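Me: I would like to go through this model and ask, label by label, what each term rests on. Please set each value beside the rule that applies to it.

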Amino acid sequence: MDYFVHETAVIDDGAVIGKGTKIWHFTHVMPDAELGENCNLGQNVVVSPKVKLGRNVKVQNNVSIYTGVICEDDVFLGPSMVFTNIVNPRSAVVRRDEYVETQVRKGASIGANATVICGNELGKYCLIGAGAVITKPVPPYALMVGNPAKQIGWVSEYGHRLEFDEDGRATCPESGDQYKLHGGEVTKSDD
């Protein structure tokens, strides 16, 4: 094996696990789940069938990733955050053919105890605050907090709040990268 699995973890036949990935205590990876290279799954994580995790996805303790969730590279899933996958769940009604897809784009971070309602796309490098409840799509680089979550600003790829000047330009204080705000969308500048 070119990945690490703790002795208490359960990896079902048919799961695909990338090189360098680490799977810790009491975690269960189900059949047809795909984990990219260099992922890290904390303790008590469940990865359901057909879930796809890109490279370098960090999953903290007590996260269940249900069928329908697709995470691109460099996503961070904070402790005890929650994904849903059915819009109207009922115990007595079987809706296994009604799972709704949720896309988490490259570099997005979801804080501890946040909830993501299924069917929403979380844009690249967005930052979801701890305890937030996502009920609608999130733009790239957006900073979201509250219940229901509301956008309160923008963040850089390094997770710092961006302060835009009158020309709609901002600089990340850590990386020095430049960003442009135009028409309600943020893009990273090449110049």
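Reply: Strands here are DSSP runs of at least two residues, numbered from the N terminus. The model is a predicted one, and aspartate 74 lies in the loop between β12 (69-71) and β13 (76-77).

Me: Why is aspartate 74 called partly exposed?

Reply: Its relative accessible area is 32%, and because buried means under 20% and exposed means over 50%, with partly exposed in between, aspartate 74 counts as partly exposed.

Me: What makes the phi of aspartate 74 worth a remark?

Reply: Most residues other than glycine have a negative phi. Aspartate 74, which is not a glycine, has a positive phi near 65°. Tyrosine 141 likewise has a positive phi, of about 70°, although it is not a glycine.

Me: Where is tyrosine 141, and is it buried or exposed?

Reply: Tyrosine 141 sits in the loop between β20 (133-134) and β21. Its relative accessibility is 1%, and since the limit for buried is under 20%, tyrosine 141 counts as buried.

Me: How do you know whether serine 48 is buried or exposed, and what does it touch?

Reply: Serine 48, in the loop between β8 (46-47) and β9 (52-53), has a relative accessible area of 7%; because buried means under 20%, serine 48 is buried. Leaving aside residues up to four places away in sequence, serine 48 touches Met30, Ala33, Ile65, Tyr66 and Thr67, where a contact means heavy atoms within 4.5 Å.

Me: What is the exposure class of valine 10, and which residues does it touch?

Reply: Valine 10, in strand β2 (residues 10-11), has a relative accessible area of 40%, and because partly exposed covers the range between the 20% and 50% limits, valine 10 is partly exposed. Not counting residues up to four places away in sequence, valine 10 touches Thr27, His28 and Val29. The C-alpha atoms of valine 10 and threonine 27 are separated by 6.3 Å, although these residues are 17 apart along the chain.

Me: How do you know that β16 and β19 pair?

Reply: Two strands pair if DSSP finds at least two bridges between them. Strands β16 (residues 109-110) and β19 (residues 127-128) run parallel and are joined by two bridges, so the rule of at least two is met. Isoleucine 110 has isoleucine 128 in β19 as its bridge partner. Both strands belong to an open sheet of nine strands with mixed pairing, in the order β1-β4-β7-β10-β13-β16-β19-β21-β22. In that sheet β1 (4-5) and β22 (150-154) are the edge strands, each pairing on one side only.

Me: What makes β23 and β25 edge strands?

Reply: Three strands form an open antiparallel sheet in the order β23-β24-β25. β23 (169-171) and β25 (185-188) each have a single partner strand, so one side of each is left without a neighbour in the sheet. The twist from one strand to the next averages 25°. Strand β24 (residues 178-182) and β25 share four antiparallel bridges, which satisfies the pairing rule because at least two are needed; leucine 181 has valine 186 in β25 as its bridge partner.

Me: What makes the bond between asparagine 147 and proline 148 notable?

Reply: Most peptide bonds are trans. The bond joining asparagine 147 and proline 148 is cis, with omega about -5°, and proline 148 is found in the loop between β21 (142-145) and β22.

Methods:
Residues are numbered from 1 along each chain as its sequence is written. This is a predicted model: local features need pLDDT of at least 70, side-chain atom pairs count only at pLDDT 80 or more; totals for chains, interfaces and linings use all residues. Side-chain values use heavy atoms; hydrogens and water are left out. Buried means under 20% relative accessible area, exposed over 50%, partly exposed in between (1.4 Å probe, protein chains only). Axes are lines fitted to C-alpha atoms, for helices over the stretch in contact, and angles run from 0 to 180 degrees between N-to-C directions.
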